[in-house]
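Please read the following walk through the model with the coordinates open beside the text. The explanation moves from the backbone to the ligand site.

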Amino acid sequence: MNITLNNAPILDSAADTLLVFVGRGSLDNPTPNLVIDGINTAMNGAIAELVSGGDFTANLSDVSVLYPRGTGVAARRVVVVGLGDAADLTPDAIRRATATALQRARTLKSQQVAAAIPPELDTATTLQAMTEGALLGLYQYHGQKSSEPPVARPESLAIHLSADAMDAAQNGLTAGRAFAAGGITARTLVNLPPNYCTPAYMAEQADNIAKAHGLKCTVLERHQMEALKMGALLAVAQGSATPPRFIILEHNADKKDLAAVVLVGKGVTFDTGGYSLKTADGMVGMKADMGGGAAVIGAMQTVAMLNIPLRVIGLVPAADNMVSGNAYRPQDVVTASNGKTIEIISTDAEGRLLLADALVYAKRYDPAAVVDIATLTGAMVVALGSAASGVYATDDTVMQHLFDAGEFTQERVWRMPLYTDYNKPIESDTADMKNSAGANVRGGGAGIAAAFLKNFVEYPAWAHVDMAGKMTSDGDNTYVPKGATGYGARLLAEFVRRWAEK
Ligand code: BES
Ligand code: MN
Ligand code: ZN
């Protein structure tokens, strides 16, 4: 959808649909919202009557449609959408309300929408939230259905505001476009089936994004990973006829004087569990096991579009976890690229093996901060459900920025403890460590995975985000559809943006 800014009076708009945000109290004296008041007056008080009659309560995402029929409003219809309590309005309420309103406009086959902005928050934040809500809320994945893909509708959204708010609004619009684009990139990669979204396909998409937005993209193939002695990653990859890739995206690659932030995302394009085979039901959904990698690619797109003044590197180790005559086994011992040896207990604990070699690779950038993100453990889903990701961090500043980024984007995170207790269950008799505690250890699986990863971290500021509960959604949030959420792309981009302002 094409989103534009307009400082002409909204009442004169030629759009077929007007969008009006109404918070609880927006029409009350002594501080009525002047834009709503103007539209209400032009419609002979129709909005006020909607509210006073109790037909519309202005709860968040309530929608009513009014037909002005030749009153002072040129548009054919007015979509009135609730914002909840106007007094404590949040950016996320604006995202949700915008998405709901535009979804209704789409149902009504509207082509052009004109919206009046809610005035409670600062203009840039409001525009960013509206843009994200619009673009993320109208996202549709058609997949490989043989039916005609749905028409992209509405075609345009004109956001009306006063001339003096234009500069701030333009900044918000630019940011919103960049954040939505990254989120949508991540969603589509996750939604794609595993026979389409292979490691090579992910690398190709990363390369396309790099070309479009001025990133540097380097893709390592198996022999290059062998030369780097990435024995942990290669052990996972060796069971699949589909070859692995190690994707490297760099923003400000040449500006070596800038502080470096490295983002690492698990890219398991399908997780059967390997010889520690998952159940038939447990395997369905595992096309999304590259959700961390997709988040990193999406975040890099946003970072590039916003030209954030940091050196930012995205690393995505990508591989299938399969069974075959070449597959790795329980009790194999593999050697990661930092020389540490790992006894395989479960071939289903494969994500940490990919991440191990990628975390070692991150060290070459002398990073100020490293954040990895992965659909790593079922234990994290048990701990937090789909409410948030768990974060294990060695540094309070990284943690605080991630937390704040999660609140702002509503891709929430919650801190978990990185106790040394979690090292004990993965002590090995034959190698430096085991990759899993084994079936007789019942609890703490997400913390044990984090403790494992810490063996490959040789820099002071690191956080590990376990997003296993967040990769897909049943569609209960207006702008997050059923299927892939795109979770993590906006979180990581916002983290980087905050780190740059630190
Ligand atoms: N990709 C899974 C984790 C997962 C499970 C994500 C369910 C989302 C939903 C991961 O590779 C895995 O299989 N983890 C194992 C680890 C165990 C063998 C130590 C798990 O959580 O059971
Ligand atoms: Mn697994
Ligand atoms: Zn996995």
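Ser 61 lies in the loop between H2 and E3, and in this predicted model its phi is near 70°, a positive value in a residue other than glycine. Because its relative accessibility is 18%, below the 20% limit, Ser 61 counts as buried. The loop that joins helix H2 (46-52) to strand E3 (63-66) also holds Ala 58, and Ala 58 likewise has a positive phi without being a glycine, with a value near 65°. Ala 58 has a relative accessibility of 3%, and therefore it too counts as buried.

A further backbone feature concerns a proline. The peptide bond that leads from Arg 153 to Pro 154 is cis, its omega being near -10°, and Pro 154 belongs to the loop between helix H4 (123-137) and strand E6 (156-160).

From the loops we turn to a helix and to a contact between distant parts of the chain. Leu 233 is part of helix H8, which covers residues 231-237, and with a relative accessible area of 0% this leucine is buried. Which separation do the C-alpha atoms of Leu 233 and Leu 354 have? Although the two residues are 121 residues apart along the chain, their C-alpha atoms are separated by 4.3 Å.

The remaining features concern the ligand. Ligand 1 sits in the largest pocket, where 16 residues surround it, the closest being Lys 278, Asp 289, Asp 348, Glu 350 and Gly 378. Sorted by class, this shell around ligand 1 comprises seven charged, five polar and four nonpolar residues.

Which distances separate the polar side-chain atoms of Asp 271 and Lys 278 from oxygen atoms of ligand 1? For Asp 271, a polar side-chain atom lies 2.9 Å from an oxygen atom of the ligand, while for Lys 278 the corresponding distance from a polar side-chain atom to a ligand oxygen is 2.8 Å. Glu 350 can be described in a similar way, since an N or O atom in its side chain is 2.8 Å from an oxygen atom of ligand 1. Because a polar contact is a pair of N or O atoms within 3.5 Å, the distance of 2.8 Å for Glu 350 falls inside that cut-off. Taken alone, ligand 1 exposes 520 Å², and the protein buries 75% of that area.

Conventions: Residues are numbered from 1 along each chain as its sequence is written. Chains are lettered from A and ligands numbered from 1 in the order in which they are written. This is a predicted model: local features need pLDDT of at least 70, side-chain atom pairs count only at pLDDT 80 or more; totals for chains, interfaces and linings use all residues. Side-chain values use heavy atoms; hydrogens and water are left out. A residue is near a molecule or strand if one of its heavy atoms lies within 4 Å of it. A polar contact is a pair of N or O atoms within 3.5 Å; within protein, one must be able to donate a hydrogen and the other to accept it, and residues adjacent in sequence count only if both atoms are side-chain atoms. Accessible areas come from the Shrake-Rupley method with a 1.4 Å probe; for residues, only the protein chains shown count as cover. On a 1 Å grid over the protein atoms alone, a cavity is a set of points where a 1.4 Å probe fits but cannot get out, and a pocket is an open set with protein on both sides within 12 Å along at least five of seven lines; lining residues have an atom within 4 Å of a point. A molecule sits in a cavity or pocket if more than half of its atoms lie within 2 Å of its grid points. Ala, Val, Leu, Ile, Met, Phe, Trp, Tyr, Cys and Pro count as nonpolar, Asp, Glu, Lys and Arg as charged, and the others, Gly among them, as polar. Helices (H or I, at least four residues) and strands (E, at least two) are DSSP runs, numbered from the N terminus. Buried means under 20% relative accessible area, exposed over 50%, partly exposed in between (1.4 Å probe, protein chains only).
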